[in-house]
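Colleague: Hi! I am new to reading protein structures, and I would love some help. Could we go through one together?

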Amino acid sequence: MIDRQSDEQSFRIPGPREGMSLFLRYRPAVGEQRRDKQAVLYVHGATFPSALSIAYSFGGRSWRDALCDAGFDVWGLDFYGFGGSDRYPEMDEAPELAPPLCGAADAAEQLLAAIRFILAHQQLTSLSIISHSWGSMPSGIVAASHPTLIDRIVFFAPITKRGPRRYERPPAFPSWRLVSVEDQWNRFVEDVPEQEPAVLSRLEFDGWAEAYLDTDPDSRSRMPPAVKTPAGPLAEIIAAWHGSLPWDPAAVQVPAAIVRGEWDGLIMDEDAAWLFNALSRSPNRRDVKISRSTHLMHLEMMRQALWRESIAFLLGEDVAPVPQH
């Protein structure tokens, strides 16, 4: 299926769970800048899919547009339970009846199915990955276990391991949860210093929020309106902050970039330093901190700085690693 307005193609492919399919969106690069056989796959985070992230346009331009203009064929994957992919059957049941859905190991199998489809479809041997937040976990698993399939990886605002908390265990989580529009708005404002202007206007957010609610046909029937979302990603974020990370950065052997925001409370300087050092076998590592931005920088006023840094890295414009803190 091709949308002639955006030149976006969509694919529904078999996933690792029998009877369930995954949704992929694809936009090819065009024109003189097209780079032969260079593809990028975007891996979303814990609460919203590819349509609301790499493919979402502010002022008529998205991160995907910037990547396509730089010559890349761009793909976006929605994990089970998100966006255009199938919902887990357990999401139709009470949330306490099943363990958290869409954990990193499960998501890594979905990601691997998507990668193999893309490589076969484009007759490639490898591709690059941009992962956001929790998406760094399944991406890290695949990069560590299948290094020949990955050229480069951008860890945008990744979740890292923090030391275990003495006498404390992470809480139990349900199979799914509801994430409201106000829950999302709070994420844009909670880490911005009081004296600073908003990183995203409420008007821009309101347009994004309507598209967010559209990802779940039942969202507007709830009060307040909210999107049903697998709880596995949140459970694993909390577990990582209690000392348990489901992948080993030391096993990654491809070039890797950490890109994060100055005001991102989910990956602070010490977190980035830990991950940078843990990626000890990755050549051409870099750690880039972009000013005046939070965990959702790809939707904020500094988004074009993120676009530039990610594109430069994916093009192989390597620089000396940033000194660690």
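Colleague: Let me start with a single residue. Which residues does threonine 294 touch, not counting residues up to four places away in sequence?

Modeller: Happy to help! Keep in mind that this is a predicted model. Threonine 294 touches Arg187, Asp191, Val192, Val199, Gly261, Trp263, Asp264 and Glu300, once residues up to four places away in sequence are set aside. You will find threonine 294 in the loop between β11 (286-290) and α8 (303-314).

Colleague: Is threonine 294 buried or exposed?

Modeller: The idea is to look at the relative accessible area: under 20% is called buried, and over 50% exposed. Threonine 294 has a relative accessible area of 1%, so this loop residue is buried.

Colleague: Let me try a strand next. Where does glycine 76 lie, and which residues is it in contact with beyond its neighbours within four places in sequence?

Modeller: Glycine 76 is part of strand β5 (residues 73-78). Its relative accessibility is 0%, so glycine 76 counts as buried. Leaving aside neighbours within four places in sequence, the contacts of glycine 76 are Phe23, Leu24, Arg25, Leu41, Tyr42 and Ser50. You can also compare positions along the chain with positions in space: glycine 76 and leucine 200 are 124 residues apart along the chain, and their C-alpha atoms are separated by 23 Å.

Colleague: Now a whole helix. Why is helix α3 said to be largely enclosed by the rest of the structure?

Modeller: Here we count buried residues along the helix. In helix α3 (residues 136-145), seven of the 10 residues are buried, so the helix is largely enclosed by the rest of the structure. The buried ones are Ser136, Met137, Pro138, Ser139, Gly140, Val142 and Ala143.

Colleague: What do the buried residues of α3 pack against?

Modeller: They pack against three strands and two helices by name: β4 (39-43), β6 (127-132) and β7 (150-156), along with α2 (104-122) and α6 (232-240). Let us take α2 as the example. The axes of α2 and α3 cross at roughly 65° and come within 8 Å, and the crossing is right-handed. On the α2 side, Ala104, Ala105, Ala107, Ala108, Leu111, Leu112 and Ile115 take part, and they meet Met137, Pro138, Ser139, Ile141 and Val142 in α3. By class, this contact has 11 nonpolar residues, one polar residue and no charged residues.

Colleague: And how do α4 and α5 cross?

Modeller: For helices, we look at the angle of the axes and how they approach. Helix α4 (residues 181-189) and helix α5 (residues 202-213) have axes that come within 10 Å and cross at roughly 140°. That angle makes α4 oblique to α5. The crossing of α4 past α5 is right-handed. In α4, Val181, Glu182, Gln184, Trp185 and Phe188 meet Arg202, Phe205, Trp208, Ala209, Tyr212 and Leu213 in α5. Those contact residues divide into eight nonpolar, one polar and two charged.

Colleague: I see several aromatic residues there. How many aromatic pairs does the structure hold?

Modeller: There are 17 aromatic pairs. For one of them, the rings of tryptophan 185 and phenylalanine 188, the centres are 6.5 Å apart and the planes are at 35°, so the pair is tilted. In general, a ring pair is described by the distance of the centres and the angle of the planes. Both residues lie in helix α4, three residues apart, which is about one turn of the helix. Tryptophan 185 and phenylalanine 188 are both buried. Ring pairs also link Phe48, Trp185, Phe188, Phe205, Trp208 and Tyr212 into a cluster.

Colleague: One last topic: the backbone. What should I look for there?

Modeller: As a general guide, most residues other than glycine have a negative phi, and most peptide bonds are trans. Glutamine 123 has a positive phi, near 55°, and lies in the loop between α2 and β6. Alanine 157 also has a positive phi, near 50°, and is found in the loop between β7 and β8 (176-180).

Colleague: Which of these is buried and which is exposed?

Modeller: Glutamine 123 counts as exposed, at 65% relative accessibility, whereas alanine 157 is buried, at 0%. As for peptide bonds, methionine 223 and proline 224 are joined by a cis one, with omega about -5°. Proline 224 sits in the loop between α5 and β9 (226-230).

Note on methods:
Residues numbered from 1 in each chain as written. Predicted model: local features only at pLDDT ≥ 70, side-chain atom pairs only at ≥ 80, totals over all residues. Heavy atoms only, no water. Buried < 20%, exposed > 50% of the residue type's maximum accessible area, 1.4 Å probe, protein only. Helix = DSSP H or I, 4+ residues; strand = E, 2+ residues; numbered from the N terminus. Contact = heavy atoms within 4.5 Å. Axes fitted to C-alpha atoms, helices over the stretch in contact; angles between N-to-C directions. Parallel < 35°, antiparallel > 145°, perpendicular 65-115°, else oblique. Left-handed = near helix turned anticlockwise from the far one by under 90°. Nonpolar A, V, L, I, M, F, W, Y, C, P; charged D, E, K, R; others polar. Phe/Tyr/Trp six-rings, centres within 6.5 Å; stacked < 30°, edge-to-face > 60°.
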